[in-house]
Amino acid sequence: MQKLNSLDDLKSLREKLLKEGVLAPNKKRIRVCCGTACRANNSLKLVDKLKKDVQTSGVEAEIITTGCQGLCQLGPVVTIQPQGYFYHKVKPERSEDIISFTLKGERPVWDLLFRRSLGEKPAYFIKDIPFYRKQLRIALRNNGRIDPENIIHYIAIGGYKAIEKALASMTPQQVLDEVKRANLRGRGGAGFPAGIKWEHTKNSFSAEKIVIANGDEGDPGAFMDRSIMEGDPHSLLEGMMLCAYAIGAHHGIIYVRHEYPLAVKHLSTAIKQAEEIGLLGENILGTGFNFTIQIREGAGAFVCGEATALVSSIEGERGFPRPRPPRLSEKGGGPWGYPANLNNIETYACVPAIIEKGATWFLKTGTANSPGTKVFALTGKVKNTGLVEVPMGITLREIIYDIGGGIIGDKKFKAVQTGGPSGGCIPEKYLDLPIDFDSLTKIGSIMGSGGMVVLDEDNCIVDVAKFFLSFCQSESCGKCYPCRVGTFQMLQILEKITSGNGEEGDIERLEELGNYIKSSSLCGLGKSAPNPVLTTIKYFREEYEEHIKNKYCRAFVCQGLGQLHLNTDICYQCKRCMDACPFEAIKESADGFFYIDQVLCQRCKACFNVCPLGAIEIKEQPILYIDKELCYFCRSCINVCRVDAIKETSTGFIIDSNICKKCGDCFNVCQMGAIKYEKIGKFLKIASSEISYEGLKEKEQIPVDIPLDEIFHDVEKKACPVQKSLTFIEEFIEGPMCGRCYPCSFGTEEAKLRLLRITQKLEGAGEEDINALKTIASNMIEASFCKKGRDTGRFLSEILSSSEEEFRLHLSGICSNRECITSISYLINPDLCIRCGECLKKCKFEAIMAKASESKPAEYTYFEIKQKVCTRCGECIKYCPTGAIEIISKVKEEMFAKT
């Protein structure tokens, strides 16, 4: 590679590359994403196969390995020129199809085109894909276009034009003024204006100054800077060169975490190529400007993202933060005492475009106080995860739903965590908030380096806060007391809450500790570590209170809250739960029924999610204790306990509730009944059914959309609460019930049968029917798919609670409102009966008993109605020709003396 000795040499090289058609848009070219995510999906094997097949096919086509193209969820992704086709999930074995169909036949491979669902019209080009439609690329402008290990590609598409312009026609002050006028705010988190920081470093009186690029990207789920270093390293080098030129620096350091081997490799290659061609080193392009760059690898300490800790690490010391002043930009503050300017990778990557196109161009994008774009790593419970670059001011809803495609499984959105472990959780009510530095700060979160983790209804917000705080606590350097001890104390409180041992006042203690840590910590890690906890308490306080007061986790994530049970009355032993359980906690008992072994169960909810009938129930954890008055120290409980939860003390045996799995083994083995349940776990949630039943098909195909208000109107005509309930359930079954979910469809059918038993006082009707109705109502409220089913459950629950005595009165055969069949009985008057047998023939329930004549078996001597079998349907009365069947009231008149 020939060295460039002047600015004219650089211009001539670019013109030469243009004439040679390097990266010309009209040539056949296949660009394969070889970022870290796509490499994990065998993109390198795809490249090798494409090169081999192109060579054997005789087609002239260029294969380019690019950096991250963004849509990591569907990698490896491939773009084809000149047509511009975009392919996703391309496996190496599809190489021949791409060559024969697209390169030779010039038509797309249909099944590789992007489509959101089967039957949808495919998107041919990248601009037609919703994920890219609202994106605008400045920092990532070259990702997906060039080979990051080829400096010729970067120069061919206009690379190093900005440094060429600066060295040819701009003074250092003009470069600095242009960055200040563009109001480029630091993309590393705090959003401090880069131009002001550069100016402060420039004004420091020192013979040597250093330009530092912070590539220590330690946030969980963040990969913005990594993608730039891997996919477009020369834009970072050019941005650092412009900064060095503006502030008078001659040395640059890129601080990269050791866990980014591909980034280190591509940066090393880029630095070597730039030095060989004369764009780094002494007397760059003959202008007298000297600048060198070296790489320093960090050991992966999150605290080294803080400026002074990063400087300590560069110097070879442990990454401890230092007191300020002096600041990095001041003498004595930077590495080895030299003033230094520190920005993150994305900030430097934006600088060449600003210098080349001007601050006015940059200010047209974004908002007034936050111009330009921001790169986000979109992860979590979103359909399309990946790297997105959007204009400042775009809303969270647009990022999550328009770009990200919405929540996986179309579940309910809960929150989005921005800013990494130091950021905050933003609730649903702020989905239309414009994303910029100031807006996020106002609601208690931060932009951070660009991590964006989406949470859905299956995420426990307390558990999420505990996860991020535990990360910050483990990454704390321990130098200052508030951060070292304070975060540990907060984590202990969260551990206590999520294990079911939370106490009144824990929330207030968390808030007090969080505010103390923020105000008194030495560095930015401690000052922002409590943010996830404080914002979740601010916006999701009710979930904390549920964990503490009700011992309830609505997402059923916290293992100390909630216990899985298998309802054998519903289970039909399909064994799906047994197959899905990764801990082999589903067991089969000696009598053939399945049960959940609580000692082995880890509450992963795999069985809960796969059960087709809703037989897996989640209940509140019970509490067991040993009655010392009954215990006679047989030690059977200790012998049977598999987790050593039963301890022997000087006063007897006790159960350690923190260890006990509530499996009930000790309860079952105790012969004296000394082990008792202090609290029986109440019902919390039932798994929803996904089975379509034959008896419900007609309702599924032709749903009748009758408003519940109409049913309420019909119900109000009834005076008897039992009749009200029966009428409501019958009309709901015939009308608006769709039959899709088990709690509603089977629950209402069961409720109807129970109510009929009560109203008709059939054999077996009793207290268990009232209890069953309460359970059915509770299940419908908790687990019905739609609002109509839940409202029906609430109606039944309310009428049961307000008229429970009236229901019990019916069990005695009395209806105080004289509306139910329980208050009457049918009798056959022998004086009127002609023994024709019509009633016997018409009775569907075989409730009429007849005695045949001994002399003439075909004739009957008398008829009698079986009162315990008769349903009072009235069919016998209708067909009796003589009116011999009479209705006799059983209501005691004294019951109605006051009416």
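Analyst: Quick ground rule first: buried means under 20% relative accessible area, exposed means over 50%, and partly exposed is in between (1.4 Å probe, protein chains only). You're looking at a predicted model, where local features need pLDDT of at least 70, side-chain atom pairs count only at pLDDT 80 or more, and totals for chains, interfaces and linings use all residues. Residues are numbered from 1 along each chain as its sequence is written, and side-chain values use heavy atoms, with hydrogens and water left out.

User: Let's start with the rings. How many aromatic pairs does the structure hold?

Analyst: Rings of Phe, Tyr and Trp (its six-membered ring) pair if their centres lie within 6.5 Å; planes under 30 degrees apart count as stacked, over 60 as edge-to-face and the rest as tilted. With that rule, the number of aromatic pairs is 18.

User: What kind of aromatic pair do Phe131 and Tyr132 form?

Analyst: Their centres are 5.1 Å apart, with 85° between the planes. Both partners count as buried, Phe131 at 1% relative accessibility and Tyr132 at 10%. Going by the plane angle, the pair is edge-to-face.

User: And Trp361 with Phe362: what kind of aromatic pair is that?

Analyst: Phe362 is buried at 0% relative accessibility, whereas Trp361 is partly exposed with a relative accessible area of 28%. The ring centres sit 6.4 Å apart and the planes make 50°, so this one is tilted.

User: Which residues do ring pairs link into a cluster?

Analyst: Tyr and Trp are in there, along with one Phe. The linked rings are Tyr85, Tyr87, Trp110, Tyr124 and Phe125.

User: Any charges over rings? How far is Lys374 from the ring centre of Phe376?

Analyst: A charge sits over a ring if NZ of Lys or CZ of Arg is within 6 Å of the ring centre and within 35 degrees of the ring normal. Arg257 does this over the face of Tyr260, at 5.8 Å. Lys374 lies over the face of Phe376, and its distance from the ring centre is 5.6 Å.

User: Which residue offers the backbone oxygen that the side chain of Ser235 reaches?

Analyst: Ser235 sits in helix α11 (residues 233-247); helices (H or I, at least four residues) and strands (E, at least two) are DSSP runs, numbered from the N terminus. It's buried, at 0% relative accessibility. A polar contact is a pair of N or O atoms within 3.5 Å; within protein, one must be able to donate a hydrogen and the other to accept it, and residues adjacent in sequence count only if both atoms are side-chain atoms. The side chain of Ser235 makes its 2.8 Å approach to the backbone oxygen of Asp232.

User: Which residues is Ser235 in contact with, leaving aside its neighbours within four places in sequence?

Analyst: Contact means heavy atoms within 4.5 Å. With those neighbours set aside, the list for Ser235 is Arg141, Tyr154, Ile228, Tyr348, Ala349 and Pro352.

User: On to the open sheet of five strands. Which strands stand at the edges?

Analyst: Two strands pair if DSSP finds at least two bridges between them. The order is β11-β10-β14-β12-β13, with mixed pairing. Each edge strand has a single partner, so one side of it lacks a neighbour in the sheet; these are β11 (386-391) and β13 (424-427).

User: In β14, what is the bridge partner of Phe413?

Analyst: Strand β12 (residues 413-418) pairs with β14 (residues 451-456) in the antiparallel sense, over five bridges. The β14 residue bridged to Phe413 is Asp456.

User: At about what angle does helix α16 run to β12?

Analyst: Axes are lines fitted to C-alpha atoms, for helices over the stretch in contact, and angles run from 0 to 180 degrees between N-to-C directions. Helix α16 (residues 396-403) lies across β10 (373-380), β11, β12, β13 and β14. Relative to β12, its angle is about 115°.

User: What separates the C-alpha atoms of Gly380 and Leu455?

Analyst: Gly380 lies in strand β10 and is partly exposed, with a relative accessible area of 34%. Along the chain, Gly380 and Leu455 are 75 residues apart. Their C-alpha separation is 6.3 Å.

User: Now the backbone oddities. What is omega for the bond that joins Arg324 and Pro325?

Analyst: Most residues other than glycine have a negative phi, and most peptide bonds are trans. Gln81 and Pro82 are joined by a cis bond with omega of about 10°. Pro325, in the loop between α13 (307-314) and β9 (340-344), is joined to Arg324 by a cis bond too, with omega of about 5°.

User: Near what value is phi of Trp336?

Analyst: Trp336 is in the loop between α13 and β9, partly exposed at 46% relative accessibility. Its phi is positive although it isn't glycine, near 55°.
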